[in-house]
Amino acid sequence: WRGREGAPYSTLVPSDEVTINYRHGLPVITLTLPTRSERCRFTVKPMVTTVGAFLQDVQREDKGIERAEVFATDGSKVSDATLMEVLLMNDFKLVVNNTAYSVSPPAKEMLSSEHATEMEDIKSLVHRLFVALHLEDHQIRKERELLQKLDHLKEELLPLEQMKARITERADAKTSRLLWVGLALMSTQGGALAWLTWWVYSWDIMEPVTYFITYGSAMAFYAYFVLTKQDYIYPDAKDRQFLHYFYQKSKKQHFNVERYNKLKEDLAEAEESLRRLRQPLHLRLPIQEINDKD
């Protein structure tokens with residue numbers, strides 16, 4: 001066995017000097033420290049621990065170790081960035097100073113079902129921890145994407161908002177004129193009935209007329225209910241007339257109401273996602289629960 005520069009190592013130690021056992025689903029590497037001449041155990045987390053981190057732990061434990069490297073059985077050096085999970089799949093050689101240890105990890109098939117289950121649980125836990133530790137980076141990227149989406153939606157909505165404001169203003173003015181016209185007609189009707197009652201005819205003659213006018217008004221209100229399935233309430237009737245004028249103006253000016261509503265919904269959804277992203281406690285809560293809490 002030779003090092004990467006071709007010089008032979010002074011000692012090649014049998015595999016029983018470095019042992020690997022699994023405890024609670026994690027591999028425990030036991031080896032003899034050269035300076036302290038005592039056995040030391042190193043518990044590694046194969047999913048996150050790299051070869052370089054393991055070698056640093058060994059050197060940190062024994063300050064007399066000047067050199068610590070890992071080689072494959074064919075003599076090629078194992079990169080420090082390699083995960084311990086990958087390293088423990090095959091035999092390898094651990095070089096500490098000038099001593100090379102031949103290491104044979106236990107085959108996975110030899111692990112008990114209980115240990116295998118524990119290992120899967122540990123892997124799942126490590127994965128969740130990894131996600132939690134990198135959640136901030138994910139949040140920053142997601143926030144940047146949402147901000148870009150918001151800017152894009154606002155740019156698309158700006159001309160539509162301006163057009164909608166003009167249409168709304170005209171529809172509102174037309175609705176207000178209609179209300180004033182209705183008030184003027186009712187005032188004219190009342191004045192005409194009063195003039196006919198006191199100056200032209202008597203109340204005995206005008207009473208049946210006012211009765212049929214009242215009955216005709218009731219029929220008109222009932223017809224409104226039959227056609228709209230709504231009671232004739234002045235605010236609702238005003239809103240209905242406003243929408244009628246609004247859609248009429250939108251059609252003439254080619255204002256796409258459906259596209260505008262879709263953009264508004266996308267904008268509201270993006271703003272809600274951004275709000276949830278900036279409140280970590282709400283990240284895993286459904287929107288309904290958040291609304292209930294608010």
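Modeller: Let's begin at His-254, which sits in the loop between α6 and α7 (257-277). Helices here are DSSP runs of H or I with at least four residues, strands are E runs of at least two, and both are numbered from the N terminus. You're looking at a predicted model, where local features need pLDDT of at least 70, side-chain atom pairs count only at pLDDT 80 or more, and totals for chains, interfaces and linings use all residues. Residues are numbered from 1 along each chain as its sequence is written, and side-chain values use heavy atoms, with hydrogens and water left out.

Colleague: OK, what is the phi of His-254?

Modeller: First the background: most residues other than glycine have a negative phi. His-254 is not a glycine, yet its phi is positive, about 60°.

Colleague: And is His-254 buried or exposed?

Modeller: We call a residue buried under 20% relative accessible area, exposed over 50%, and partly exposed in between, using a 1.4 Å probe and protein chains only. His-254 counts as exposed because its relative accessibility is 72%.

Colleague: Which residue in the loop between β6 (92-96) and β7 (99-103) should I look at?

Modeller: Try Asn-97, which lies in that loop. Asn-97 also has a positive phi, near 55°. β6 and β7 make a hairpin with two residues between them, and Asn-97 is in the turn.

Colleague: How many bridges hold β6 and β7 together as a pair?

Modeller: Strands count as paired if DSSP finds at least two bridges between them. β6 and β7 have five, in the antiparallel sense. Follow them across and you'll see Val-96 opposite Thr-99 in β7. β7 is mostly covered too, with four of its five residues buried.

Colleague: Where else can I practise on a hairpin with a positive phi?

Modeller: Go to β3 and β4, whose hairpin has four residues between the strands; Ser-37 there takes a positive phi near 55°. β3 (residues 26-33) pairs with β4 in the antiparallel sense over six bridges. Val-28 faces Thr-43 in β4. Phe-42, also in β4, is 15 residues from Pro-27 in sequence, and their C-alpha atoms are 8.4 Å apart.

Colleague: Which ring does Phe-42 pair with?

Modeller: The general idea is that an aromatic pair is described by the distance of the centres and the angle of the planes. Rings of Phe, Tyr and Trp (its six-membered ring) pair if their centres lie within 6.5 Å; planes under 30 degrees apart are stacked, over 60 edge-to-face, and the rest tilted. That rule gives five aromatic pairs. In one of them, Phe-42 meets Phe-54 edge-to-face, 6.0 Å centre to centre with 85° between the planes. The two are 12 residues apart, and the pair links distant parts of the chain: Phe-42 in β4 (residues 38-43) and Phe-54 in helix α1 (residues 51-61). Phe-42 counts as buried because its relative accessible area is 8%, and Phe-54 is buried at 3%.

Colleague: What does a tilted pair look like?

Modeller: Phe-255 and Tyr-260 show you one, at 5.6 Å centre to centre and 50° between the planes. Phe-255 is buried at 6%, and so is Tyr-260 at 7%. Both belong to one aromatic cluster with Phe-246 and Tyr-247.

Colleague: Which residues does UniProt list as "transmembrane region"?

Modeller: The unreviewed entry lists 178-197 and 209-227. UniProt positions use the numbering used here, feature names are shortened, and annotations may be inferred rather than shown by experiment. In the model, residues 178-197 are 100% helix, with end C-alpha atoms 28 Å apart. Residues 209-227 are also 100% helix, and their ends lie 27 Å apart.

Colleague: Now, how much space is in the largest pocket?

Modeller: Rolling a probe the size of a water molecule over the atoms shows where empty space is left. A pocket is an open set of points on a 1 Å grid over the protein atoms alone, where a 1.4 Å probe fits, with protein on both sides within 12 Å along at least five of seven lines; lining residues have an atom within 4 Å of a point. Points join across faces, edges and corners, and the volume is the space filled by probe spheres set on them. The largest pocket holds about 660 Å³. Its lining has 20 residues, with Leu-179, Gly-182, Met-186, Tyr-232 and Tyr-234 nearest the centre. The elements giving two or more residues are α4 (135-200), α5 (203-228) and α6 (234-252), and α4 gives the most, with eight.
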